[in-house]
Amino acid sequence: MTDGFKKETASKFPFPIGCVLYPLLVFMLLTVVGYFYLQSANYHSALDATKEWAQLNEFPVTATNLTVETQGNMFTREFTVEFDAPLADIENWLRKSPGTNSVTPTTDGDVRHYDIDPGGGAQHAELELDESQGHVKIHTYWS
């Protein structure tokens with residue numbers, strides 16, 4: 001005797017496919033979120049280290065086109081930070097930063113080069129300012 005319901009047939013899989021797909025999707029989502037979180041953390045860490053090693057104050061609030069390049073391994077670390085800002089803001093920032101306020105830069109045309117006494121355990125710190133472009137390039141490393 002049937003009660004009006006169709007008898008279900010057994011699945012080809014011993015367990016529901018969702019048991020595999022949902023954890024896989026969660027893993028992929030966490031991987032992507034983790035990647036971007038670590039990228040952001042590394043970016044800010046590199047900026048902080050550059051400012052400490054070159055003994056610089058916070059970058060001018062008018063700074064644009066900020067780029068950070070990181071190189072090295074567990075035994076060395078090297079950062080190159082570049083940005084653009086109005087020349088007056090850069091000049092004010094350089095005067096107020098302990099790493100550059102007492103340094104007499106060398107000049108080559110429109111480019112000023114500051115050899116900075118490194119801080120925070122770094123071995124080297126330098127800054128280049130292209131006055132015509134309002135472009136700053138900071139290079140520092142530790143090994």
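User: In helix 1 (residues 18-53), by what distance along the helix are Lys51 and Asp48 separated?
Analyst: The model is predicted. Lys51 and Asp48 both belong to helix 1, where they are three residues apart. Because of that spacing, the separation between Lys51 and Asp48 is about one helical turn.

User: What N to O distance goes with the salt bridge of Lys51 and Asp48?
Analyst: Side chains of opposite charge can pair when their charged atoms come close. Here the side chains of Lys51 and Asp48 meet in a salt bridge, for which the cut-off is 4 Å. The N to O distance for Lys51 and Asp48 is 4.0 Å.

User: Is Lys51 buried or exposed?
Analyst: Its partner Asp48 counts as partly exposed, at 46% relative accessibility. Lys51 has a relative accessible area of 10%, and the limit for the lowest class is under 20%. Lys51 is therefore buried.

User: With the side chain of which residue does the side chain of Lys51 make a polar contact?
Analyst: Lys51 sits in helix 1. Beyond four places in sequence, Lys51 touches residues including Leu56, Asn57 and Phe59. The polar contact of the Lys51 side chain, at 2.8 Å, is with the side chain of Glu58.

User: How many residues apart are Glu91 and Arg112?
Analyst: Glu91 and Arg112 form a salt bridge, with their closest N and O atoms 2.2 Å apart. The pair links distant parts of the chain, since Glu91 is in helix 2 (residues 87-96) and Arg112 is in strand 4 (residues 111-116). Along the sequence, the number of residues by which Glu91 and Arg112 are apart is 21.

User: What relative accessible area does Arg112 have?
Analyst: Glu91 is partly exposed, with a relative accessible area of 23%. Arg112, in contrast, is buried. The relative accessible area of Arg112 is 10%.

User: Where does Glu131 lie?
Analyst: The side chain of Glu131 meets that of Arg112 in a salt bridge, at 2.5 Å from N to O. Arg112 lies in strand 4, so the pair ties together parts that are 19 residues apart in sequence. Glu131 is partly exposed, with a relative accessible area of 30%. Its place is the loop between strand 5 (124-130) and strand 6 (135-142).

User: How many salt bridges does a search of the whole structure find?
Analyst: Two of them have been described for Arg112, one with Glu91 and one with Glu131. Salt bridges that share partners also join Asp48, Lys51 and Glu58 into one network. Over the whole structure, the number of salt bridges found is four.

User: How far away is the nearest side chain of opposite charge to Glu126?
Analyst: Glu126 is found in strand 5. Glu126 is buried yet has no salt bridge. The nearest side chain of opposite charge is that of Lys137, at 7.6 Å.

User: With which side chain does Glu126 make a polar contact at 3.1 Å?
Analyst: One polar contact of the Glu126 side chain is with the side chain of His124, at 3.3 Å. Among the residues that Glu126 touches, leaving out those up to four places away in sequence, are Tyr114, Asp115, Ile138 and His139. The polar contact at 3.1 Å is with the side chain of His113.

User: The side chain of Thr100 has a polar atom 2.7 Å from the backbone oxygen of which residue?
Analyst: Thr100 is found in the loop between helix 2 and strand 3 (106-108) and, at 3% relative accessibility, counts as buried. Its contacts outside its neighbours within four places in sequence include Leu56, Tyr114 and Ile116. The backbone oxygen at 2.7 Å from the side chain of Thr100 belongs to Leu94.

User: What distance separates the C-alpha atoms of Thr100 and Gln55?
Analyst: Thr100 and Gln55 are 45 residues apart along the chain. The separation of their C-alpha atoms is 7.8 Å.

User: What area does the nonpolar surface patch of Leu21, Leu24, Leu25 and Met28 have?
Analyst: One residue of the patch, Leu25, is found in helix 1. Leu25 makes the patch together with Leu21, Leu24 and Met28. The area of this nonpolar surface patch is about 380 Å².

User: In what order do the elements of the chain run from the N terminus on?
Analyst: The chain has two helices and six strands. Of its 143 residues, 27% count as buried. From the N terminus on, the order of the elements is α-β-β-α-β-β-β-β.

How values were computed: Residues numbered from 1 in each chain as written. Predicted model: local features only at pLDDT ≥ 70, side-chain atom pairs only at ≥ 80, totals over all residues. Heavy atoms only, no water. Helix = DSSP H or I, 4+ residues; strand = E, 2+ residues; numbered from the N terminus. Buried < 20%, exposed > 50% of the residue type's maximum accessible area, 1.4 Å probe, protein only. Lys, Arg positive; Asp, Glu negative; His and termini not counted. Polar contact = N/O pair within 3.5 Å; in protein donor to acceptor, adjacent residues only side chain to side chain. Contact = heavy atoms within 4.5 Å. Patch = residues over 30% accessible without salt bridge, like charges linked within 9 Å, V, L, I, M, F, W, Y side chains within 5 Å. Areas by Shrake-Rupley, 256 points an atom, 1.4 Å probe, with all protein chains shown as cover.
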